[in-house]
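Visitor: I should like a close look at a single part of this structure and at how the rest is arranged around it. Please keep to one part and follow its connections outward.

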Amino acid sequence: MSAVEAKLAELGLTLPEVVPPLAAYQPAVRSGPYVYTSGQLPMLDGKLPVTGKVGAEVTPDEAKELARTCALNALAAVKSVAGDLDRVARVVKVVGFVASAADFTGQPGVVNGASELLGAVLGDKGVHARSAVGVAVLPLDAPVEVEIQVELVQP
């Protein structure tokens, strides 16, 4: 077990299976020392646990937890191309999309779910630049979608 996966276990978490693509793309691709994930939905066992807009059908706290699930799914996608999460030198960038009710402005707090998870799991390597964007709708009516970019340690 890698040190990162041991840390996940210590936090009571397990790395999920990579979520299969919903369309014509790969969950993650590597280019040089970087891995870029596609947007990861908060899928659990192949299903969205909740759908709808944050600030309407979904509470900000529920959405923050869903963003955490997105980050776990993103780590699984990174591992699928990197082979080992211990190869992560740092998380470079996180982009979070929040399907928002018209008057909802708490996108940064929602995306903190992903950022806080990455920090808890990777420590200083999990500190990153970030964007948190409110959108009208996401695939499958998901409340949150997260993509990450990581730099790998060179062998």
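Guide: A nonpolar core is a set of buried Ala, Val, Leu, Ile, Met, Phe, Trp, Tyr and Cys residues joined through side-chain atoms within 4.5 Å; buried means under 20% relative accessible area, exposed over 50%, and partly exposed in between, with a 1.4 Å probe and protein chains only. This is a predicted model, in which local features need pLDDT of at least 70 and side-chain atom pairs count only at pLDDT 80 or more, while totals for chains, interfaces and linings use all residues. Residues are numbered from 1 along each chain as its sequence is written, and side-chain values use heavy atoms, with hydrogens and water left out.

The part chosen here is strand 5, residues 144–152. Helices (H or I, at least four residues) and strands (E, at least two) are DSSP runs, numbered from the N terminus. The protein chain holds 3 helices and 5 strands, and from the N terminus on these elements follow the order α-β-β-α-β-α-β-β. Of the 9 residues of strand 5, 7 are buried, so the strand is largely enclosed by the rest of the structure. For the protein chain as a whole, 42% of the 155 residues count as buried.

The sheet is the place to begin. Two strands pair if DSSP finds at least two bridges between them. The 5 strands form an open sheet of mixed pairing, in the order 1-2-5-3-4. Strand 1 (28–31) and strand 4 (129–135) are the edge strands, each pairing on one side only. Neighbouring strands of the sheet are turned against each other by 15° on average, direction ignored; axes are lines fitted to C-alpha atoms, for helices over the stretch in contact, and angles run from 0 to 180 degrees between N-to-C directions.

Strand 5 has strand 2 and strand 3 as its neighbours in that order. With strand 2 (residues 34–37) the pairing is antiparallel, over 3 bridges, and Tyr34 has Glu151 of strand 5 as its bridge partner. With strand 3 (residues 88–99) the pairing is likewise antiparallel, over 9 bridges, and here Val95 stands opposite Glu147 of strand 5. Beyond this, strand 3 runs parallel to strand 4, to which 7 bridges join it; Phe97 has Val133 of strand 4 as its bridge partner.

Two helices pack on the sheet and reach strand 5. Helix 2 (residues 60–82) touches strand 1, strand 2, strand 3 and strand 5, and its direction makes about 40° with that of strand 5. Helix 3 (residues 107–122) touches strand 3, strand 4 and strand 5, and its direction makes about 145° with that of strand 4.

Side chains of strand 5 also enter the largest nonpolar core. This core has 37 residues, of which Leu75, Val78, Leu118, Leu122, Val144, Ile148 and Val150 touch the most other members. Helix 1 (3–10), helix 2, strand 3, helix 3 and strand 5 are the elements that give two or more residues to this core, and helix 2 gives the most, with 11 residues. Leu75 shows the connection to strand 5: neighbours within four places in sequence aside, Leu75 is in contact (heavy atoms within 4.5 Å) with Leu15, Leu85, Leu117, Leu118, Val121, Leu122 and Ile148. Apart from this core lies another, of 7 residues, with Leu41, Met43, Ala99 and Leu138 among them.

Tyr34, the bridge partner of Glu151, deserves a further remark. The structure holds 1 aromatic pair. The rings of Tyr34 and Tyr36 have centres 6.4 Å apart and planes at 45°, so the pair is tilted; rings of Phe, Tyr and Trp (its six-membered ring) pair if their centres lie within 6.5 Å, and planes under 30 degrees apart count as stacked, over 60 as edge-to-face and the rest as tilted. Both tyrosines count as partly exposed, Tyr34 at 27% relative accessibility and Tyr36 at 35%.

For a view away from strand 5, consider Asp84, in the loop between helix 2 and strand 3. Asp84 and Val144 are 60 residues apart in sequence and 26 Å apart in space, C-alpha to C-alpha. Asp84 is partly exposed at 29% relative accessibility and, neighbours within four places in sequence aside, is in contact with Ser2 and Lys79. Ser2 belongs to the segment before helix 1 and is buried, with a relative accessible area of 9%.
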